[in-house]
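User: I have a model open and want a quick walk through its sheets and empty spaces. Can we start with the sheets?

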Amino acid sequence: MTWQEYEQDLENRLTGLQRRIHRRAYRARPSRRVYIPKPDGRQRPLGIAALEDKIVQQAVVSLLEPIYEEDFLGFSYGFRPGRGPHAALDALTVSIERMPVKWILDADIRGFFDNVDHEWVMKFVQHRVADRRVLRLIQKWLKAGVSEDGPWSETKTGTPQGAVVSPLIANIYLHYVYDLWIHAWRRKVARGAVVTVRYADDLVVGFQYREDAERFQEELQTRLAKFGLELNTDKTRLIEFGRRAERDRKRRGEGKPETFNFLGFTHSCGRHRKSFFSLWRKTTRKRMVAKLKQIKQQLRQRRHEPIPVVGKWLQQVVTGYYNYHAVPGNLTSLSLFRARLSRIWRHQLRQRGDQRKIAWAKFARICNRYLPPPRTLHPHPYQRFNVTHPRWEPYA
């Protein structure tokens, strides 16, 4: 059923839905399994919930979110009100530049959303929620299963990516599995400074001493295994990183410090024009290439549309791309993205019978009209971080 169909008799439908919930006649429907391509060529499974399930899930999220916002720690940024990926990026930048970080653990949890243990979810939720009606609803959604091309299959673990309630379940799960644990670990076990930023299941941890980093990585694997999770050893890396990394590696005759990716940006060690250490960020190559391929495919489908129509569409696409990636220091990557997009568009125009001899001068005027020039849209990380964190809290 679509939203338009549901809206035709909205009041009666919502009243009936409410009554079914109160008399325990509500039944969660299986999620429809679809796949979307990832930048590395693999497929990411998504679960599309039924319309009424989305409505009930949103109601439960609105009820539980204020409760858990009192519990969640400051270094958790994913899918929380008033927070977003740029807040996490700001916190990571400020932490690495302010704190004596020398080592970075770029950790990746293998298939997190597919391996969430249902029993542990219910135990964690019961710590804060005593209403059995809410607990039953969450259990219904976890056990609803998935439907893929018709056949239904049971889900014994995991929560479907794409469901309204899944981000909250993920945050609750990792709050108990990771957040509370590392909060205690860095105070009681670590010898030096430890900083961390988590966005959903993406997490980065910075250490002052290598011994702390190696011990933490081993104990993290043990901790995750207790709750049915594991680190992806192919993507989890411990690298030397920070204000002294370049100098120390040069003294040992090694190359430049390695880089790491987080939330679509490649982070590297750099120097400010005044020669002090600065964290540099640029769009990851895989994300840019994937976006250009997507645009190229859509341009083929729009090949015979008028130039003004395609130009206005591209203007919206580029503006959306800039809104996320136009952080300080990333203008070179944005300029490269615009230049490559211009060549793709010109190539598509030349495939049309009446545009085979389009000159660069003419095409440059078209690009300048429809493709906005790259410019920085986000403030410096310190400016935004100091506003959102009015006082310095080491464990926030």
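User: What order do the strands take in the open sheet of three strands?

Analyst: The order is β9-β10-β11, and the pairing is antiparallel. Strands here are DSSP runs of E, at least two residues, and helices are runs of H or I, at least four, numbered from the N terminus. Two strands pair if DSSP finds at least two bridges between them. This is a predicted model: local features need pLDDT of at least 70, side-chain atom pairs count only at pLDDT 80 or more, and totals for chains, interfaces and linings use all residues. Residues are numbered from 1 along each chain as its sequence is written, and side-chain values use heavy atoms, with hydrogens and water left out.

User: Which strands stand at the edges?

Analyst: β9 (260-262) and β11 do. Each has a single partner strand, so one side of each is left without a neighbour in the sheet.

User: What does the twist average there?

Analyst: It averages 40° from one strand to the next. Axes are lines fitted to C-alpha atoms, for helices over the stretch in contact, and angles run from 0 to 180 degrees between N-to-C directions.

User: How many bridges join β9 to β10?

Analyst: Three, and the two strands run antiparallel. Phe262 stands opposite Phe265 in β10.

User: Next sheet. What is the order of the four strands?

Analyst: β6-β7-β3-β8, an open sheet with antiparallel pairing. The edge strands are β6 (194-199) and β8 (237-240), and each pairs on one side only. Twist averages 15° from one strand to the next.

User: And how many bridges join β6 to β7?

Analyst: Six. β7 covers residues 202-207 and runs antiparallel to β6. Thr196 stands opposite Val205 in β7.

User: Which helix lies across β6 and β7?

Analyst: Helix α8, residues 166-188. It runs at about 175° to β6. Contact means heavy atoms within 4.5 Å.

User: Switching to pockets. How much space lies in the second largest pocket?

Analyst: About 650 Å³. On a 1 Å grid over the protein atoms alone, a pocket is an open set of points with protein on both sides within 12 Å along at least five of seven lines. A cavity is a set where a 1.4 Å probe fits but cannot get out, and lining residues have an atom within 4 Å of a point. Points are joined across faces, edges and corners, and a volume is the space filled by probe spheres set on them.

User: Which residues are closest to the centre of that second largest pocket?

Analyst: Trp280, Arg281, Pro328, Gly329 and Asn330, out of 29 lining residues. β11 gives the most to the lining, with seven residues. Other elements giving two or more include α4 (85-98) and α13 (331-350).

User: How does the lining of that pocket divide by class?

Analyst: Nine nonpolar, 13 polar and seven charged. Ala, Val, Leu, Ile, Met, Phe, Trp, Tyr, Cys and Pro count as nonpolar, Asp, Glu, Lys and Arg as charged, and the others, Gly among them, as polar.

User: How many cavities of 30 Å³ or more are there?

Analyst: Four. The second largest cavity has a volume of about 110 Å³. Of its 16 lining residues, the closest to the centre are Ser31, Gln57, Trp141, Ala144 and Pro160. α3 (51-69) and α7 (132-143) are the elements that give two or more residues to this lining.
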